[in-house]
Structure formats: structure tokens, C-alpha cells
Amino acid sequence: MLKHLLSMDEVSIDDIISILKLSEDFENKIIRQVFNYACDKILATLFYEPSTRTRLSFESAMIRSGGSIIGFSDSKVSSVSKGETISDTIRTVANYCDIIVMRHSIEGAARVASEVSSVPIINAGDGANQHPSQTLLDLYTLKNIFGSINAFGGHTIGFVGDLKYSRTVHSLIPALINMNEKTFILISPQELCLDQSFVDRYRKDGVILRETSSIKHINDCDIIYVTRIQQERFPDQTEYEKVKNVYRITADMLKPGLKVLHPLPRVNEISTCVDKTDHAEYFNQVRNGVFVRQAIIHKILGEE
Amino acid sequence: MLKHLLSMDEVSIDDIISILKLSEDFENKIIRQVFNYACDKILATLFYEPSTRTRLSFESAMIRSGGSIIGFSDSKVSSVSKGETISDTIRTVANYCDIIVMRHSIEGAARVASEVSSVPIINAGDGANQHPSQTLLDLYTLKNIFGSINAFGGHTIGFVGDLKYSRTVHSLIPALINMNEKTFILISPQELCLDQSFVDRYRKDGVILRETSSIKHINDCDIIYVTRIQQERFPDQTEYEKVKNVYRITADMLKPGLKVLHPLPRVNEISTCVDKTDHAEYFNQVRNGVFVRQAIIHKILGEE
Amino acid sequence: MLKHLLSMDEVSIDDIISILKLSEDFENKIIRQVFNYACDKILATLFYEPSTRTRLSFESAMIRSGGSIIGFSDSKVSSVSKGETISDTIRTVANYCDIIVMRHSIEGAARVASEVSSVPIINAGDGANQHPSQTLLDLYTLKNIFGSINAFGGHTIGFVGDLKYSRTVHSLIPALINMNEKTFILISPQELCLDQSFVDRYRKDGVILRETSSIKHINDCDIIYVTRIQQERFPDQTEYEKVKNVYRITADMLKPGLKVLHPLPRVNEISTCVDKTDHAEYFNQVRNGVFVRQAIIHKILGEE
């Protein structure tokens with residue numbers, strides 16, 4: 001059904017619903033026959049940027065589906081260090097595996113890869129652009145919070161922190177709009193606000209976007225999605241020093257029932273005192289990541 | 001039976017005996033049904049410090065037991081490089097695997113991990129503190145030298161080299177005391193002697209500890225356990241330059257029957273001329289490492 | 001049949017023919033019973049130098065044969081960083097696996113390894129010396145171009161670029177001579193020509209070797225084998241700056257029917273405009289790499 005997974009822009013609502021249902025089956029261990037699809041299959045993880053969650057959860061998902069893993073987690077150990085292009089690396093590795101999961105610092109890297117690859121490409125993050133498997137696990141977590149896939153729509157969802165460089169935010173907002181959510185509060189320092197081009201596009205589609213730099217507006221939301229200020233995306237490090245640590249969420253700031261999501265890793269933008277409360281959803285997101293990535297692999301490998 | 005393997009202090013004599021017997025069964029290929037326990041299980045190796053033996057032998061043990069591997073061998077490729085805490089990394093990775101083997105430069109890191117982990121933690125070395133799987137393979141090797149598990153007790157065991165920073169020494173001495181060995185000769189330069197607090201504690205328990213800086217006392221021992229001077233543990237590198245190369249063991253220095261153990265890697269503290277003699281036990285230690293680690297994995301995964 | 005695979009000098013014509021036939025069976029999926037040999041076997045990849053193709057294709061070949069993988073792709077994460085010798089590392093790792101594939105910057109490293117290893121060693125590149133599995137896949141690709149293994153002999157084969165430091169060239173020329181090819185054109189800048197000792201030896205055996213620095217002579221050949229100018233082999237980087245980019249092959253330079261091989265990675269010595277033409281054989285080489293490496297593993301593990 002899916003050929004590649006590059007951007008949420010190309011995943012239809014039907015595909016989203018189908019992946020979330022499939023994820024549920026994996027969570028409930030209803031599906032085991034997927035083992036037949038992935039068995040004897042090899043997934044290659046090509047990570048040009050550091051990762052813990054995305055790489056290891058894809059590897060875990062593939063192994064649990066019966067498949068195997070090759071790859072690299074540091075481009076310095078690969079031929080990239082000898083000057084090889086992404087295209088040549090992908091055309092090469094596509095001979096060694098059945099599916100490629102890649103992360104790269106350059107926006108559009110996964111798309112370039114998909115144009116030369118003979119096997120499916122999953123974008124595990126391309127610069128500040130997209131991170132679709134994260135979005136799918138975010139949607140799965142929200143579905144669990146809302147109670148049902150039919151309960152999307154009508155919520156006020158806040159995004160907090162770095163909205164300029166965060167690919168998880170750039171992937172999730174349009175997906176939520178597709179799922180019928182129309183009201184967002186964008187809470188960020190001036191330097192890290194969502195690009196005006198996005199804001200304009202969404203507003204034209206009838207979406208209500210409130211922009212503020214005040215953290216107190218988190219309690220106007222039903223859900224907040226917090227992101228790390230990503231030092232590695234700042235061209236200018238003095239700029240980073242100015243904005244880091246501006247928001248720090250503690251348990252006493254949160255109204256009852258407010259759910260807090262975060263793609264992790266966090267540095268200190270959510271106090272660990274929140275972890276043990278009902279507000280914290282971020283470790284549920286981590287847990288859901290394996291089921292959702294099993295579903296993605298199934299969707300790509302299982303229905304060829 | 002075992003929940004975690006953090007420190008030899010918490011491993012009972014019964015557990016030690018049981019693991020050594022199980023290791024023997026693995027060496028003699030009596031056990032193959034362990035495959036049923038580990039099959040479909042995933043072991044994660046999280047190595048924040050370099051390793052060859054420990055990481056690869058745990059991975060080999062897991063694979064030989066039918067299981068699979070995920071992990072990292074360089075924390076720079078993980079979210080640690082983005083500022084994530086050990087606790088968050090462990091809570092995350094515990095969702096992707098069934099058992100975690102970790103090495104970290106900070107004493108107590110494995111214990112912190114065990115407090116937040118939903119899966120068992122094996123300490124593969126935490127700073128200068130403990131390295132229990134190494135101790136178990138050391139004990140297994142000694143059992144083979146002594147002829148039987150009942151033959152522990154009554155030997156004079158020398159420790160040579162770096163007794164201050166070596167976690168293998170800090171793990172092994174209390175385990176040997178538990179196994180009824182009571183006589184130790186500690187041979188080290190003044191700067192690298194065993195901390196007085198340990199010496200006092202063991203003496204209070206009736207252990208005979210002789211401290212010397214003279215290498216010639218190796219021949220007062222039945223067994224010597226030699227360690228590398230670990231450059232990476234020295235806060236002050238000029239201190240390292242002073243003490244390196246103070247002891248260098250050659251074949252002609254060794255009395256007949258004296259057995260030489262070393263956790264490896266060695267730099268030059270044991271001449272390669274010893275390798276081909278009956279004194280050398282260090283490559284037997286390496287070989288035993290896989291059986292013992294299979295037994296440890298079995299003990300933790302197999303009896304849930 | 002094969003104990004180790006260290007250098008093409010030690011691989012007989014019978015072995016070459018047998019490996020190429022076996023590779024064909026893997027390509028045509030005639031062989032599946034090899035799974036029985038490799039199943040429960042572990043291959044260790046010890047890469048002291050960067051690699052994409054060689055490491056990942058050996059890993060893919062082993063997994064497709066039913067086996068498993070351990071290893072390192074960066075010697076900094078291993079005990080090498082603590083000062084361990086190659087010999088000690090190999091004697092150690094040989095306990096954890098059934099076959100070792102290693103790459104090292106020092107010529108002769110694989111031979112040293114084979115002298116202490118209790119398991120077979122495959123040389124995946126030792127400095128500027130040898131890279132035999134690459135040569136076998138080059139021969140397999142040439143066999144496909146020529147139409148049959150009996151069609152070797154009588155061709156004019158050009159080598160272009162870095163003939164001084166390229167281990168793929170040093171491995172392939174003597175193998176081609178063994179396969180009855182006798183006419184070579186060596187095209188390289190003066191600083192990177194084939195060492196005179198090789199030239200003298202081959203000429204004494206009746207081989208015709210033309211040396212030139214002019215790229216236009218590529219069209220005197222039936223086949224050209226292009227290599228990357230390897231920055232990392234130059235002791236003096238100013239020397240590198242002088243010779244890089246001297247040859248750059250574009251589609252319009254090539255006469256009809258001229259086949260272009262390259263071990264990859266390329267930097268810019270072959271323009272991507274060649275990729276889509278019938279001249280390009282380098283991605284076929286990549287594809288053939290897995291079959292040939294399955295055959296090599298089979299030859300070493302399967303017939304013990």
C-alpha cells in the first residue's frame with residue numbers, strides 16, 4: 001500500500017487510519033502472522049545523525065517481526081567519509097536489504113534517496129523538515145488519550161518550544177489538520193516561532209492558530225506537545241544561548257487533565273517531577289513507537 | 001532467580017554456584033533448550049565506554065541462545081549527545097528489548113538504570129566500581145584451575161598492577177572472600193594501591209592482606225591476577241606517566257605452576273612470551289566468557 | 001576448501017572458478033541449502049577503517065545464508081583504543097564467532113590475524129595491499145560481460161587513476177593474469193603509477209603492460225577499471241592536492257561498447273552522466289557483491 005514513507009503530506013487519511021488500527025493489533029498481540037512477511041528480510045538503518053529512539057525502535061520492530069538488521073549509526077564509519085554522495089550510497093545499500101530507514105541533516109535527503117532506491121525508503125528525519133514515523137506514533141498516542149480514532153477533532157492543541165527547527169512539529173501539525181483538528185496555540189520564543197509561510201497556509205485552510213510567547217497559555221489547551229530547543233540546528237550558537245531554558249514545565253503549572261507529549265529526548269524543558277503524574281504521556285509515546293513502527297514495516301513489506 | 005546483575009555484593013554463594021554449574025553445561029553443550037527462553041528475545045547493549053570482549057561476548061552469548069541484539073557502542077551516536085539523562089535513555093530502551101547490558105564511566109550508573117528500568121539490567125562495568133560478569137568468568141576459570149567448585153579456599157592469590165581504579169579487582173576480591181579464599185597479596189605502586197577503606201573492611205572480616213610494591217612477591221602466590229594500568233581513569237596524566245610500565249611480567253620470572261590471569265586488554269604488562277606457557281590463563285578467561293554470559297542470560301531470562 | 005581468504009596470490013584458478021560458479025547459483029537462487037551451513041553461525045566484522053559496501057554486503061550475505069553478525073565498525077569503540085594489539089583482539093574475538101572479516105590500514109594485518117586465529121579470516125582490505133573479495137566480485141562481473149568463464153583471455157584491460165595505493169588494483173591484476181588476460185594499459189599520473197617492482201614481475205611473466213598518463217588511451221581498451229584517488233593513503237596532503245581531479249570520465253569520452261568498472265566509492269572520477277549508459281558496470285559490481293560474498297562464506301564455512 002505504501003511505497004515509501006517520506007512525508008506526512010503524502011499519507012492519506014485512509015493510510016493513517018489503517019496504520020493506527022494495525023498498531024493496535026500489534027499492541028494487543030493479535031498479529032503474529034506478520035512474521036511471514038519480514039522473515040528473511042533485511043532492514044538497513046542509515047543514520048547520518050545521532051538517534052536512540054528512532055533507530056533502536058525500528059530495529060526492535062523489525063526483529064520482532066522476524067527480520068534482521070544491517071546499517072550504520074555514524075556516517076564517519078561509512079564511505080560518506082570518503083566523499084560518496086547520498087545517491088551512490090543508497091543505490092548501493094539497496095542491493096543489500098529490503099527496506100531502508102534513513103536520517104540525515106539535509107532537508108529532502110530522504111526524497112533524493114527514494115528517487116534512486118530500488119527498495120522502500122522510510123524517512124527517519126531529514127533536517128528540520130519531516131519525521132513521519134514519529135507523527136504516526138504521536139497520532140496513535142493521541143488516539144489512546146481521546147479514546148478512539150473517531151474522537152479526533154474539536155481539541156485545542158498547544159505546541160511549545162522550538163517550532164522553527166522541530167521536524168516533529170512540522171510533521172504533526174498538518175497530520176492533525178487532516179485528522180480534523182482545527183485549533184492550535186503556538187507557544188515559542190520569537191526566534192523559534194513557526195515559519196510565517198506555514199502559518200499563512202494553515203490559516204487559509206480555515207485553521208485557527210494563536211501565536212504567543214507566554215508559557216501560561218498551556219492551560220488553554222487540552223494537549224500540549226513540547227519540544228527540545230535543538231542546539232544542533234542553530235547556525236549561530238549565541239542565538240541558542242539566548243533562547244535555551246526559556247520554558248521549563250513543572251507539575252504545578254499544569255491544570256488537571258492536561259496531557260503533555262514530547263518526542264524526546266528532553267534536556268530540561270519538562271521537569272522530571274511531571275513524569276509520575278497523569279499529565280505525562282511521553283513514555284507512552286516511546287512505548288507506542290514499537291507497535292507503530294511494526295505497523296509501518298508491515299504496511300510497506302507485507303502487502304507487496 | 002536474578003533480577004538484575006549490578007554488583008557481586010548482591011550475588012549469593014548459591015547463585016554463584018548455580019551460574020558456574022550452568023556455565024559448565026554450556027561449555028559441554030549439554031544445554032540447548034535455553035534456546036526456548038531467549039528465542040524472540042532482544043538484548044540491548046548500551047556501551048558508553050569502549051569495549052571489545054564484554055560487548056561482543058554478550059552479543060555472541062545472546063545470539064547462541066537464539067536471541068537478537070540492538071544497541072550502541074558509542075554514546076556520541078545516541079541521544080546522550082543531545083543531553084539526555086541515563087534515566088530517560090534506560091526508560092526508553094527498556095521498551096525495545098528484554099534485557100539491557102550497559103557500561104558507563106560513572107560509578108553507580110547501572111544501579112540508577114535498574115531503578116527506572118522495566119527490564120533487567122546487567123552492569124558491564126561502571127567506572128572503577130564493579131564488573132560482575134567478568135568476576136563470574138574469573139571464578140569459572142579459577143574453578144577449572146582448582147579442579148572443582150569445592151576446591152576454592154586455602155589459596156594465596158596475588159593482585160598485581162592497578163588496584164585503585166580496576167573494577168575487575170574491586171568485583172573479584174569480595175567474591176573470592178565469599179568463596180572462602182582468605183589470603184591475598186596486593187602488589188601495586190603506591191599511587192595505585194587498593195583504597196584503605198577496602199583493606200580495613202576485609203581485614204575486619206579476618207582476611208589476610210599483604211601489601212607490597214615489589215613484583216618479586218608474585219612467586220609467593222598460587223595465582224596472580226594482573227591488571228592494566230588504565231590511562232583513562234587517571235585524572236592527572238603526569239601521574240600516569242610515572243607509574244606505567246612499572247611491572248612487566250615475563251616467563252622467566254614465574255615459578256612452575258603459577259597461574260596468570262588478566263581480564264584483558266593488556267598493553268605490555270604481560271610479555272607475549274608468557275602466552276604459550278602453562279602459566280597463561282587469560283585466553284581461557286576469554287573463552288569461558290561466552291559460557292558464563294550464556295549462563296547469566298539464562299539465569300535472568302530463563303526463569304521468569 | 002578455503003581456510004582463509006587473505007590474498008588472491010593464494011587462491012587457485014580452480015577455487016576462482018568454483019567461487020564464480022557458486023556465485024551464479026546464489027544469483028539464480030538455485031542454492032538455498034547453504035542455510036544449513038551458516039545457521040547458528042556468527043560472522044564478526046572487525047573494521048578498523050571506514051566501509052559501506054564491503055561490511056554491509058558481507059553482513060547481508062551472512063544474514064541471507066541464515067547466520068548472525070557481531071562486530072565493530074570503528075576501532076575507537078573497541079579495546080584497540082586502550083592499546084590492544086591486533087593479535088590479542090583476534091585471539092579474543094575468535095572465541096565469539098565462526099568467521100572473521102577484517103579491514104585494517106596496515107599491509108599484512110590480515111595475515112598476522114590468520115596466524116593467531118582459531119577461525120577463518122577474510123581480508124576485507126589491508127592498507128594498499130589486497131582486497132580479495134572485491135577481486136572475486138570484479139571477476140564475476142567480467143565473466144558476465146564476457147558471457148562465460150571460458151571467455152577470459154585476449155582482452156585489453158585498462159586501469160585508470162590511482163594504481164599506487166589502490167588495493168583493488170593490486171588484487172585484480174594478478175588474478176586477471178591467472179585468468180589468462182595478458183594485455184593491460186596503465187593510465188595514471190606519474191605520482192600514482194604502479195610500483196616498478198610489480199611492472200617488472202608481470203613483464204617477466206610475458207604480460208604486456210603499457211604505461212601512460214594520457215586519459216585518451218581508455219578507448220584502446222575493451223574494459224576500463226577506474227579507481228578513486230584515495231586521499232587517506234597520501235602521507236603528504238600537498239601531493240594529493242596536485243593529483244586529484246586529473247582524470248574525470250564523462251559519457252562522451254567513451255567509445256561504443258567500452259565497459260567501465262569501479263570498486264566505488266567514487267568522488268568525481270566518473271561523471272554521473274555515465275550511470276544511465278551501457279558503459280556503466282559499477283552498480284552491477286555492487287549487486288554481484290552479495291552473491292560472491294555468499295559464495296565465499298559458503299566455501300569457507302560450508303565445506304569444513
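# Close-up views of a three-chain predicted model

**View 1. Where chain B meets chain C.** In this predicted model, 19 residues of chain B are in contact with 21 residues of chain C. Two helices of chain B, helix 3 (53-64) and helix 10, each bring at least two residues to the side that touches chain C. Helix 3 of chain B gives the most, with six residues. Sort the residues on this side of chain B by class and you get nine nonpolar, five polar and five charged.

**View 2. Where chain A meets chain B.** Here 19 residues of chain A are in contact with 21 residues of chain B. Helix 3 (53-64) and helix 10 (282-301) of chain A each supply at least two residues of the side that touches chain B. Which helix of chain A has the largest share of that side? It's helix 3 of chain A, with six residues. The classes on this side of chain A are nine nonpolar, five polar and five charged residues.

**View 3. How the copies are related.** Two copies of a chain are related by a rotation about an axis and a shift along it. Turn by 120 degrees, with 0.0 Å of shift along the axis, and chain B superposes on chain C with an RMSD of 0.0 Å. That's the relation of a three-fold axis. Chain A superposes on chain B through a rotation of 120 degrees too, again with 0.0 Å of shift and an RMSD of 0.0 Å. Do the copies meet through matching or different surfaces? Through different surfaces, because only 5% of the interface residues of chain A are also interface residues in chain B.

**View 4. The two domains of chain A.** Chain A is divided into domain 1 (8-131 + 288-301) and domain 2 (132-286). Taken over C-alpha atoms, the centres of these two domains of chain A are separated by 24 Å. Their contact takes 25 residues from domain 1 of chain A and 24 residues from domain 2 of chain A. On the domain 1 side, the elements giving two or more residues are helix 1 (13-27), helix 3, strand 4 (121-126) and helix 10 of chain A. Helix 1 of chain A has the largest share of that side, six residues. By class, the domain 1 side has twelve nonpolar, ten polar and three charged residues.

**View 5. Helix 6 of chain A, residue by residue.** Helix 6 (residues 132-146) of chain A has 15 residues, which at 1.5 Å a residue should span 21 Å, and its end C-alpha atoms are indeed 21 Å apart. Twelve of the 15 residues are buried, so helix 6 of chain A is largely enclosed by the rest of the structure. Among the buried ones you can pick out Pro132(A), Leu136(A), Tyr140(A) and Lys143(A). Right after helix 6 of chain A comes Gly147(A), with a positive phi near 105 degrees.

**View 6. A bend in helix 10 of chain B.** Look for Asn288(B): helix 10 of chain B bends by about 30 degrees there. The 20 residues of this helix (residues 282-301) should span 28 Å at 1.5 Å a residue, and the end C-alpha atoms are 28 Å apart, which agrees. Is helix 10 of chain B mostly buried or exposed? 16 of its 20 residues are buried, so helix 10 of chain B is largely enclosed by the rest of the structure.

**View 7. Lys82(A) and its partners in chain C.** Lys82(A) sits in the loop between strand 2 (68-72) and helix 4 (86-93) of chain A. With 18 other C-beta atoms within 10 Å, Lys82(A) is partly exposed. Lys82(A) touches Pro50(C) and Pro265(C), leaving aside residues up to four places away in sequence. Pro265(C) belongs to the loop between strand 9 (259-261) and helix 10 (282-301) of chain C. The peptide bond joining Leu264(C) and Pro265(C) is cis, with omega about 0 degrees.

**View 8. Two residues with a positive phi.** Most residues other than glycine have a negative phi, and most peptide bonds are trans. Asp40(A) has a positive phi near 70 degrees, and you'll find Asp40(A) in the loop between helix 2 (35-38) and strand 1 (42-47) of chain A. Asp40(A) counts as partly exposed, with 14 C-beta neighbours inside 10 Å. In chain C, Asn180(C) has a positive phi of about 85 degrees. Asn180(C) lies in the loop between helix 7 (167-178) and strand 6 (183-187) of chain C. Asn180(C) counts as exposed, with 12 C-beta neighbours inside 10 Å.

Conventions: Residues numbered from 1 in each chain as written. Chains lettered and ligands numbered in written order. Predicted model: local features only at pLDDT ≥ 70, side-chain atom pairs only at ≥ 80, totals over all residues. Contact = placed C-beta atoms within 7 Å. Helix = DSSP H or I, 4+ residues; strand = E, 2+ residues; numbered from the N terminus. Nonpolar A, V, L, I, M, F, W, Y, C, P; charged D, E, K, R; others polar. Least-squares fit on C-alpha atoms with pLDDT ≥ 70 in both. Domains from an automatic or database assignment. Expected span 1.5 Å × (residues − 1). Bend = angle between axes of the 7 residues up to and from the residue.
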